[in-house]
Amino acid sequence: YAFLIPVTDEAVPVDWDNAAQVHLEASQLEKEPLPDASFGAVPPAAMKKKSYAAWSRDFAAWITTSQSIELFRSPGLGRLSQPGESERNFRARLAQEARESRDEAAGKVRQKYAAKMATLEDRIRRAESMVQKEEAEEQERTINTAVDIGGALLGAFLGQRVSRRSIGRLRVKGTMDVERAADQLRSLQQQHWDLELAIQQEMNAVAAKMDVTTEQLERLAIRPKKTNVTVQLLALAWSPNALQKSE
């Protein structure tokens with residue numbers, strides 16, 4: 001930063017609140033005046049060497065309270081903009097980081113539930129095998145029952161005694177085994193769907209947290225610390241002004 005400030009004859013010759021910022025490097029200051037230039041009077045305070053040491057200290061203190069750098073902060077990603085970076089450019093940079101962070105977060109969510117999902121999928125495979133096994137056995141029992149009933153009816157024609165009790169018990173037991181196996185499979189499939197839903201909801205929450213397109217950015221005013229302020233030059237200078245000639 002560079003500032004120009006008038007030196008006055010008042011009780012406080014230099015009031016930094018009246019300073020005007022200029023875009024000027026110390027190397028751009030001229031050592032010699034322009035031809036035919038005239039100089040204004042120098043206030044008494046500017047003629048004292050000790051004044052400059054005091055003004056330099058005051059200037060460093062004034063900088064810490066009056067100047068700041070405004071930065072943008074993303075609460076979702078915890079990122080800060082660079083000094084001078086516009087909000088638009090900052091959001092564009094955040095969008096790329098958000099995509100990478102979402103992919104990483106999604107992987108962590110999947111990893112978090114990986115063991116539970118693998119166990120559940122293994123139980124589903126075994127339950128499916130059990131249903132197939134029970135259905136096959138039920139089909140075989142149905143065929144055998146039909147043969148047994150046919151044999152019993154033939155026995156009745158031949159005057160033999162017919163008993164259907166044991167055949168009925170076998171059919172009921174077989175049907176109940178199939179239903180239990182199917183219920184177990186449906187229960188495991190429901191658990192699988194619930195777990196998938198929980199994973200998706202958690203991933204959606206992460207994605208929403210990292211949605212920088214609608215995120216309200218925080219504005220932070222970063223002020224310098226006195227220990228980080230260096231006064232490179234404090235000098236008496238004449239600011240050139242053109243005077244119009246009167247006719």
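This is a dialogue about how to read a predicted protein model.

Reader: Where should I begin, and how many helices and strands are there in the protein?

Author: It helps to start with the overall plan before turning to single residues. The protein has three helices and five strands, and when they are followed from the N terminus their order is β-β-α-β-β-α-α-β. Of its 247 residues, 24% count as buried, while the area that the protein exposes is about 18,800 Å², with carbon and sulfur atoms supplying 52% of that area. Among contacts with a separation of 6 or more, 69% are between residues 24 or more positions apart.

Reader: Which residues have the most contacts inside the largest nonpolar core?

Author: A core is read by asking which buried nonpolar side chains are joined to one another. Here the largest nonpolar core has 14 residues, and those with the most contacts inside it are Phe3, Trp16, Ala19, Trp55, Phe59, Trp62 and Ile63. Helix 1, which covers residues 49-66, gives the most to this core, with six residues. Another core, of 12 residues, lies apart from it, and Val109, Tyr113, Val131 and Leu195 are among its members.

Reader: What does Ile63 touch, once residues up to four places away in sequence are not counted?

Author: With those neighbours set aside, Ile63 touches Phe3, Pro224 and Val229. Gln67 can be read in the same manner: it is placed in the loop between helix 1 and strand 3, and beyond four places in sequence it is in contact with Tyr1, Phe3, Trp62, Arg223 and Pro224. Gln67 has a relative accessible area of 14%, and therefore it is buried. Its side chain also makes a polar contact of 3.2 Å with the side chain of Ser66.

Reader: Is Val109, from the other core, buried or exposed?

Author: Relative accessibility answers that, and since the value for Val109 is 6%, this residue counts as buried. Val109 lies in helix 2 and touches Ile199, Glu202 and Met203, not counting residues up to four places away in sequence. Val109 and Val206 are 97 residues apart in sequence, yet their C-alpha atoms are 9.4 Å apart in space.

Reader: Why does Asp36 count as exposed?

Author: The cut-off for exposed is over 50% relative accessible area, and Asp36 counts as exposed because its relative accessibility is 83%. Asp36 is found in the loop between strand 2 (20-21) and helix 1, and its backbone has a positive phi of about 65°, although Asp36 is not a glycine.

Reader: Which residues form a nonpolar patch on the surface?

Author: Nonpolar side chains can be looked for on the outside as well as in a core, and here Tyr1, Ile69 and Ile222 form such a patch, with about 310 Å² of accessible area together. Ile69 lies in strand 3 and counts as partly exposed because its relative accessibility is 37%.

Reader: Where does Glu85 lie, and what does its side chain reach?

Author: Glu85 lies in the loop between strand 4 and helix 2 (87-157), and at 18% relative accessibility it counts as buried. The side chain of Glu85 reaches the backbone nitrogen of Gln82 at 2.8 Å, and a polar contact of 3.0 Å joins the side chains of Glu85 and Arg93. Leaving aside residues up to four places away in sequence, Glu85 touches Phe72, Phe90 and Arg93.

Reader: How many salt bridges does the structure hold?

Author: Side chains of opposite charge can pair when their charged atoms come close. The structure holds 12 salt bridges. One of them joins the side chains of Glu70 and Arg219, with 3.0 Å from N to O, and this pair links distant parts of the chain, with Glu70 in strand 3 and Arg219 in strand 5, 149 residues apart. Glu70 is partly exposed, at a relative accessible area of 47%, whereas Arg219 is exposed, at 52%.

Reader: What separates Asp183 and Arg186 along helix 3?

Author: Asp183 forms a salt bridge with Arg186, the closest N and O atoms being 2.2 Å apart. They are separated by about one helical turn because they are three residues apart in helix 3, which covers residues 165-209. Asp183 is partly exposed at 42% relative accessibility, and Arg186 is partly exposed with a relative accessible area of 48%. Elsewhere, salt bridges that share partners join Glu70, Glu87, Arg91 and Arg219 into one network.

Terms used:
Residues are numbered from 1 along each chain as its sequence is written. This is a predicted model: local features need pLDDT of at least 70, side-chain atom pairs count only at pLDDT 80 or more; totals for chains, interfaces and linings use all residues. Side-chain values use heavy atoms; hydrogens and water are left out. A nonpolar core is a set of buried Ala, Val, Leu, Ile, Met, Phe, Trp, Tyr and Cys residues joined through side-chain atoms within 4.5 Å. Buried means under 20% relative accessible area, exposed over 50%, partly exposed in between (1.4 Å probe, protein chains only). Helices (H or I, at least four residues) and strands (E, at least two) are DSSP runs, numbered from the N terminus. Contact means heavy atoms within 4.5 Å. A polar contact is a pair of N or O atoms within 3.5 Å; within protein, one must be able to donate a hydrogen and the other to accept it, and residues adjacent in sequence count only if both atoms are side-chain atoms. Patches are made of residues with over 30% relative accessible area and no salt bridge: like charges are joined within 9 Å, nonpolar side chains (Val, Leu, Ile, Met, Phe, Trp, Tyr) within 5 Å. Accessible areas come from the Shrake-Rupley method with a 1.4 Å probe; for residues, only the protein chains shown count as cover. A salt bridge is a side-chain nitrogen of Lys or Arg within 4 Å of a carboxyl oxygen of Asp or Glu.
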